[in-house]
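Me: I should like a close look at a single part of this protein, with enough of its surroundings to place that part. Please explain it in terms that a first-year student can follow.

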Amino acid sequence: MLKVDMTVTHLKIVIDGMDKPLIDADFCEKIIPDDSNWSIEDGQSIILFLEKATEIIWKSAFKGGKEIDTNMEKMNESYEHGVEMAKRRMDDLKAFLEI
C-alpha cells in the first residue's frame with residue numbers, strides 16, 4: 001500500500017514494508033495541497049502534480065536539493081534557442097518530404 005501526504009510545505013511518501021519513507025522532505029516553496037494530486041503510472045512510477053501557491057520559478061523541488069539557475073535572461077535564451085532548433089527541424093522535415 002502507498003500513502004502520500006502533501007501539506008503546504010512538506011511531502012511524505014510511504015510504501016508498506018519499507019524501513020523508511022520513500023520521500024520525507026520539505027518543498028522549496030509552498031504548494032496548494034487541495035489543488036495538488038498524484039497518480040501511479042505503469043504500476044511503478046509515482047507522478048506528482050503540484051499546484052504552486054505563488055507563480056515563481058522554483059530553484060529546486062525540495063529544500064537542500066540541487067538548484068537550477070533561475071536567471072530569466074538565460075532561460076529565455078535557452079527557450080528561444082529551442083524554438084529556433086525546432087523550426088529548423090520542421091524546415092528540414094518539410095524539405096525532406098517534398099523530395
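Reply: The account below begins with the whole chain and then turns to one hairpin.

The model is predicted. The protein contains one helix and five strands, and along the sequence these follow the pattern β-β-β-β-β-α. The C-alpha trace spans about 60 × 35 × 25 Å along its principal axes. The radius of gyration is 19 Å, whereas a compact globule of 99 residues would have a value near 13 Å. Buried residues make up 11% of the 99 residues.

The part chosen for the close look is formed by two of the strands. Strand β4 covers residues 37–41 and strand β5 covers residues 45–49; they pair in the antiparallel sense over five bridges. One of the residues involved is Glu-41, whose bridge partner in β5 is Ser-45. Together β4 and β5 form a hairpin, with three residues between them.

Asp-42 lies in the loop between β4 and β5. Its phi is positive, at about 60°, although Asp-42 is not a glycine. Asp-42 counts as exposed because its relative accessible area is 65%, and the cut-off for exposed is over 50%.

For context, the helix offers another exposed site. Leu-97 is in helix α1, which covers residues 72–98. Leu-97 is likewise classed as exposed, since its relative accessible area is 60%. Together with Met-90, Leu-93 and Phe-96, Leu-97 makes a nonpolar surface patch of about 450 Å². The protein as a whole exposes about 8,100 Å², of which carbon and sulfur atoms supply 52%.

Conventions: Residues are numbered from 1 along each chain as its sequence is written. This is a predicted model: local features need pLDDT of at least 70, side-chain atom pairs count only at pLDDT 80 or more; totals for chains, interfaces and linings use all residues. Side-chain values use heavy atoms; hydrogens and water are left out. Two strands pair if DSSP finds at least two bridges between them. Helices (H or I, at least four residues) and strands (E, at least two) are DSSP runs, numbered from the N terminus. Patches are made of residues with over 30% relative accessible area and no salt bridge: like charges are joined within 9 Å, nonpolar side chains (Val, Leu, Ile, Met, Phe, Trp, Tyr) within 5 Å. Accessible areas come from the Shrake-Rupley method with a 1.4 Å probe; for residues, only the protein chains shown count as cover. A salt bridge is a side-chain nitrogen of Lys or Arg within 4 Å of a carboxyl oxygen of Asp or Glu. Buried means under 20% relative accessible area, exposed over 50%, partly exposed in between (1.4 Å probe, protein chains only). The radius of gyration is taken over C-alpha atoms; the globule rule is 2.2 Å times the number of residues to the power 0.38.
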